[in-house]
Amino acid sequence: MTEKQSDLPTTNGDTGDMVNEDNFTWQQKVGLSMKTPIGLLGIGLTTVCITMTVLGLLGHITGLIENPYAAIVTFLVFPSGAVFGLFLIPVSGYLRRKKWFKDNINKGNVIVDFGKKSHRKTVVLFLVLSVVNLAVFSLVIYEAYHFTESDFFCGAICHTVMDPEYTAYQRSPHAKVGCVSCHIGSGAEWYVKAKLSGLRQVKAVLDGSFSTPIPAPVEHLRPAQDTCEACHWPEKFHGKKVKQFVSYTNDDQENPDIQEIALHIGGRNPLTDTFEGIHWHVSNNVKVEYESLDDRRTSIGRIKVTKPSGVTEEYAVDGEAEGGVSKWRTMDCVDCHNRPTHVYDDLEKKIDFGLHSKKIDPTIPGIREDSLAVLQKEYTTREEAQEQIVESLLALQADRHDADFVAENEATLISSGAYLLNAYMDNVWPKMKVTWGTYKGHNGHQNEDEGFGCFRCHDDEHQTEFGKTISQSCDLCHDEP
Ligand code: HEC
Ligand code: HEC
Ligand code: HEC
Ligand code: HEC
Ligand code: HEC
């Protein structure tokens, strides 16, 4: 007898003869083929994991388990364990059988024979178990799919990394639009792409190799036609929209400077059936392409406009040397609405809003200047800011006024400080290097000095060969302020 066979039960007692394969029933063989360390591990793993998955599923369905983090375990960890276990069982059987055949055991003995009742019974048992497994797995896959598409999964699982985007998103007009509607869209192709890049991102989070801040623009964002246009329709005519801008100065905290402008948003004008105004760029009968000279799309080289007639106009900037980077892009919604949902506040605007809404008491002299100073200060962590912001405001005010004044106005100063702290918590994440102004919007010209907004092209400097420029006259985009 070879050592290899020593774990087969020998029914011919102590004769020491070669094991006779006929002494084993078929079931014994099938059973034995799994009774190796690998096979037992597989059976054990599958049993435990399936049981836990089923219990978890029941918990989630009945609402007993509410912690969304538990969903990671129920829908991802346990099912993976079960699948791995199921995979080990046939591997074990295969390895064992191979060994047996090498040792000259009759192959006929391990073949399924439907003529035998015992064989049929085993096969039926196998099928029933498989159906149960399949049912559990389909439910799990369905739930796991929804879970990995949830805003919670996208925004909160990688908490440190996504906290800025998730926080800004929750207070935006799109707070009820799922992350996946804009970042993945519909269709299997983008789903797979997103999950693959998701895996890379998980790796980056685990080994800490992600960039801080997360760079914008997102280079491979799905084209807006497939995402934004699922809900918004560039054909829709928005006409004019009046917007009010309220601002204060350090010298006058009580009387706002109010600018009202009527933006010519346009679209397809139903009265004239032509595209006009700001949304002309995305009308379906023109194509505006531009060459960005840096990764941030803040410096724009040539611009090509293809008109409905097929005529193409090209604008270029005089004298500007072509930089190293040159990427062509077709203009879409995101070139203006680059912050449709991750909307961070502008520091001064946030403070002016506080003054306007009286959340910062405008009657306290110097409070605008002090508020700016408090929020411009660098805190090493959000916790440190929580400890220091209200105190800093009190301290600055104490420098400015006498102790009596601060004591008298303590309650208002504390509530003004609380507003500043909230503003900070909504906009600054030192760990992610996200602070005031890290992410700027293109939808206007407030940050034109840094290369953001309409004036990247509307600068009177981009010219066609005939000297035609892209106008910067104020009333092109809005009524004169
Ligand atoms: C209304 C559409 C929309 C929704 C909903 C949305 N995003 Fe975004 N997101 C964008 C756009 C557009 C950009 C690209 C900004 C740019 O190019 O400058 C972006 C950029 C990002 C970035 C890169 C960093 C940055 O701020 O530019 C991250 C990270 C991100 N989104 C995460 C999320 C998460 C997490 C959710 C859900 C909680 C979400 N997004 C929901 C449209 C959306
Ligand atoms: C799943 C649907 C959906 C998708 C996708 C979507 N939006 Fe919206 N969007 C909305 C809804 C709903 C509102 C209105 C919110 C409100 O007024 O309460 C809105 C509002 C807006 C507004 C007006 C915001 C304001 O301040 O009034 C803009 C601009 C906008 N979306 C741009 C975009 C852009 C750009 C994209 C693609 C990156 C996009 N949306 C994708 C549903 C969507
Ligand atoms: C050339 C820049 C530009 C492009 C490109 C652009 N928009 Fe706008 N859009 C604007 C401006 C500017 C406003 C008004 C800004 C505001 O409300 O603060 C606006 C307003 C809107 C509004 C709100 C309208 C209202 O009545 O409040 C929606 C919705 C919108 N855009 C969707 C889109 C979608 C979808 C696309 C892509 C198909 C798109 N925009 C492309 C500049 C642009
Ligand atoms: C990538 C370059 C580019 C950017 C960025 C850009 N534009 Fe334009 N815009 C153009 C070009 C090119 C034209 C067409 C000029 C022409 O044919 O006279 C144009 C035309 C316009 C027109 C006139 C449309 C009509 O009725 O014919 C308006 C209004 C306008 N832009 C507003 C804006 C606003 C507002 C922004 C910023 C939110 C903006 N543009 C950003 C390139 C740009
Ligand atoms: C290419 C289009 C375009 C041109 C040209 C343009 N603007 Fe604007 N402007 C905008 C848009 C878009 C906004 C809205 C920004 C927002 O919603 O935050 C705006 C906002 C403003 C505001 C209010 C913003 C604030 O922060 O106070 C003022 C003031 C203003 N423009 C003045 C001007 C003046 C003056 C000119 C002429 C030199 C001009 N604009 C030319 C597109 C334009």
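Reader: In this predicted model, how far apart do the C-alpha centres of domain 2 and domain 3 lie?

Author: The protein is divided into four stretches, among them domain 2, which covers 151–214, and domain 3, which is assembled from 240–339 and 456–477. In this predicted model, the C-alpha centres of domain 2 and domain 3 are separated by 29 Å.

Reader: Which protein atoms are the donors of the iron atom of ligand 3, and what arrangement do the six donor atoms around that iron make?

Author: The protein donors are the NE2 atoms of His279 and His337, which lie 2.0 Å from the iron atom of ligand 3. Opposite donors must be over 155 degrees apart and all others between 65 and 115 for six donors to be classed in this way. Because the six donor atoms around the iron atom of ligand 3 subtend angles of 87 to 178°, the arrangement is octahedral.

Reader: How many residues apart in sequence are the parts that the pair histidine 279 and histidine 337 ties together?

Author: Histidine 279 sits in the loop between β4 (274–276) and β5 (287–292), whereas histidine 337 belongs to the loop between β8 (327–330) and α9 (347–356). The pair therefore ties together parts of the sequence whose separation is 58 residues.

Reader: Which residues come nearest to ligand 3, and at what distance does a polar side-chain atom of lysine 243 lie from an oxygen atom of that ligand?

Author: Around ligand 3 there are 18 residues, of which Lys243, His279, Cys333, Cys336 and His337 come nearest; the shell divides into eight nonpolar, six polar and four charged residues. Histidine 279 and histidine 337 each place a polar side-chain atom 2.8 Å from a nitrogen atom of ligand 3. For lysine 243, the distance from a polar side-chain atom to an oxygen atom of the ligand is 2.5 Å.

Reader: Which residues coordinate the iron atom of ligand 2, and where in the chain is histidine 232?

Author: The iron atom of ligand 2 is coordinated at 1.9 Å by the NE2 atoms of His174 and His232. This pair links distant parts of the chain, 58 residues apart, with histidine 174 in the loop between α6 (159–170) and α7 (179–183). Histidine 232, for its part, is in the loop between α8 (188–206) and β1 (240–247).

Reader: What is the relative accessibility of histidine 232?

Author: A residue counts as partly exposed when its relative accessible area lies between the 20% limit for buried and the 50% limit for exposed. Histidine 174 falls in that class with 21%. Histidine 232 is also partly exposed, its relative accessibility being 48%.

Note on methods
Residues are numbered from 1 along each chain as its sequence is written. Chains are lettered from A and ligands numbered from 1 in the order in which they are written. This is a predicted model: local features need pLDDT of at least 70, side-chain atom pairs count only at pLDDT 80 or more; totals for chains, interfaces and linings use all residues. Side-chain values use heavy atoms; hydrogens and water are left out. Donors are N, O and S atoms within 2.8 Å of the metal (3.2 Å for Na, K and Ca); water is not among the atoms, so sites may look incomplete. Four donors count as tetrahedral if all angles lie between 85 and 135 degrees; four count as square planar and six as octahedral if opposite donors are over 155 degrees apart and all others between 65 and 115; anything else is irregular. Helices (H or I, at least four residues) and strands (E, at least two) are DSSP runs, numbered from the N terminus. Buried means under 20% relative accessible area, exposed over 50%, partly exposed in between (1.4 Å probe, protein chains only). A residue is near a molecule or strand if one of its heavy atoms lies within 4 Å of it. A polar contact is a pair of N or O atoms within 3.5 Å; within protein, one must be able to donate a hydrogen and the other to accept it, and residues adjacent in sequence count only if both atoms are side-chain atoms. Ala, Val, Leu, Ile, Met, Phe, Trp, Tyr, Cys and Pro count as nonpolar, Asp, Glu, Lys and Arg as charged, and the others, Gly among them, as polar. Domain bounds come from an automatic or database domain assignment.
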